[in-house]
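Welcome, and please take a moment to look over the sequence and the 3D view. A short guided tour comes after them.

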Amino acid sequence: MTDTTRSGFATFVGRPNVGKSTLTNALVGEKIAITSEKPQTTRRAIRGILNRPAGQLVIVDTPGIHKPRTLLGERLNDLVEQVLGDVDVIGFCVPATEKVGPGDRRIAASLDGYARAKKVAIVTKTDIADRDQITERLIEVDALREDWAAVIPLSALTREQLDVLTDEMLAMMPEGPALYPEGITTDESQEDRIAEMIREAALEGVRDELPHSIAVVIDDIAPRENSDLTDVHAQIVVERDSQKAIIIGHKGKRLADVGKRARVGIEELLGTRVFLGLHVKVAKEWQRDPKQLGRLGF
């Protein structure tokens, strides 16, 4: 990377569940951000690093912008604002399958507050849309602002047009050396990545009101003596006893399924076999409690 000519930060904004994390993972070429059909899955600013001969892109994956109903929601929106103030390029995402609505218009208008960053409009999920839908969405998105540096339709799943987006964003970055050493794909800690894998597994199949109430805390990660196993112990935190019962399931079956799903990714990350010990803890109304939010890393 000694001949890097450009480097900088980019982020994607849009309503929850428009494909921002999936797009981040596709660009980086590795799963660094968890994905789910549940809105507001992303809760931290996760950095993915993309190296190209022309330079280095640091993609910052952020929570979806939404109307907050809890203190956690307010803090997630504050985090997005902070990231937007620091990046060089903002990609505004709208799915090809959904008409542009009031939420999209509000977010697009809010980009006025970030004059320093160049803006790119991105129509996502083109692999599940027909040509008429894509054309209609491009016209709608293009009309939202007059200062788009580019308007790009793409599919993160089929990788169609991903190189176009990468080239466009790199060309907009300031000249300068790489910000991270070559070979690094994220600055996320191993502990944080494991916690997110467990939360992703716990999100699968839960009812609409439960996803926001789930948090994960890692208690310990340690190689077992005289064994090729790594012991991982973690707490799944919820807000009510009824939610604890849902996560555990009948005779512990659902919690066992969560562990089974999470273990696959954790073993791949650690490169060893894993014993995963999961416990479910109730922290009442943690999303609204400043002290509990602090303990949980928000």
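What follows is a walk through the sheets, helices and core of this structure.

## Before we start

Please keep in mind that this is a predicted model. Local features are described where pLDDT is at least 70.

## The six-stranded sheet

Let us begin with an open sheet of six strands, whose order is β2-β3-β1-β4-β5-β6. The pairing in this sheet is mixed. At its edges you will find β2 (46-52) and β6 (148-153), each of which pairs on one side only. From one strand to the next, the twist averages 25°.

For a look at one pair, try β1 (residues 6-13) and β3 (residues 55-61): they run parallel and are joined by six bridges. If you would like a spot to zoom in on, find A10, whose bridge partner in β3 is I59.

## A helix with two faces

Next, turn to helix α5 (residues 162-172), where L162, L165, T166, M169, L170 and M172 are buried. Looking down the axis of α5, you would see these buried residues fall within an arc of 160°, so they line one face of the helix. The face turned away from that buried side carries D163, D167 and A171, which are exposed.

## The three-stranded sheet

There is also an open sheet of three strands, in the order β7-β8-β9 and again with mixed pairing. Its edges are β7 and β9; each has a single partner strand, so one side of each is left without a neighbour in the sheet. Here the twist averages 15° from one strand to the next.

How do the strands pair? β7 and β8 are antiparallel, with eight bridges, while β8 and β9 are parallel, with ten bridges. Some partners to look for: A215 stands opposite V237 in β8, P223 has T230 of β8 as its bridge partner, and V232 stands opposite L276 in β9. Between the strands of the β7 and β8 hairpin lie five residues, and N226 in this hairpin takes a positive phi near 55°. As for β8 itself, nine of its ten residues are buried, so this strand is largely enclosed by the rest of the structure.

## Helices beside the sheet

Two helices, α7 and α8, are worth viewing together with this sheet. The axes of α7 (residues 241-248) and α8 come within 5 Å and cross at roughly 65°. On the α7 side the contact is made by I246, I247 and I248, and on the α8 side by K253, R254 and L255. Sorted by class, this contact has four nonpolar residues, two charged ones and no polar ones.

## The largest nonpolar core

Which residues have the most contacts inside the largest nonpolar core? They are I198, I214, I236, I247, I266, L276 and L278, in a core of 27 residues. At least two residues of this core come from each of α6 (190-203), β7 (215-223), β8 (229-238), α8 (253-270) and β9 (273-282). The largest share is that of α6, with seven residues.

Some names in this core will be familiar by now. I247 has already appeared in the contact of α7 with α8, and L276 is the residue of β9 that V232 stands opposite. Finding these two in the 3D view is a friendly way to tie the tour together.

Notes
Residues numbered from 1 in each chain as written. Predicted model: local features only at pLDDT ≥ 70, side-chain atom pairs only at ≥ 80, totals over all residues. Heavy atoms only, no water. Pairing = 2+ DSSP bridges. Helix = DSSP H or I, 4+ residues; strand = E, 2+ residues; numbered from the N terminus. Axes fitted to C-alpha atoms, helices over the stretch in contact; angles between N-to-C directions. Core = buried A, V, L, I, M, F, W, Y, C linked by side-chain atoms within 4.5 Å. Buried < 20%, exposed > 50% of the residue type's maximum accessible area, 1.4 Å probe, protein only. Contact = heavy atoms within 4.5 Å. Nonpolar A, V, L, I, M, F, W, Y, C, P; charged D, E, K, R; others polar. Arc of directions from axis to C-beta.
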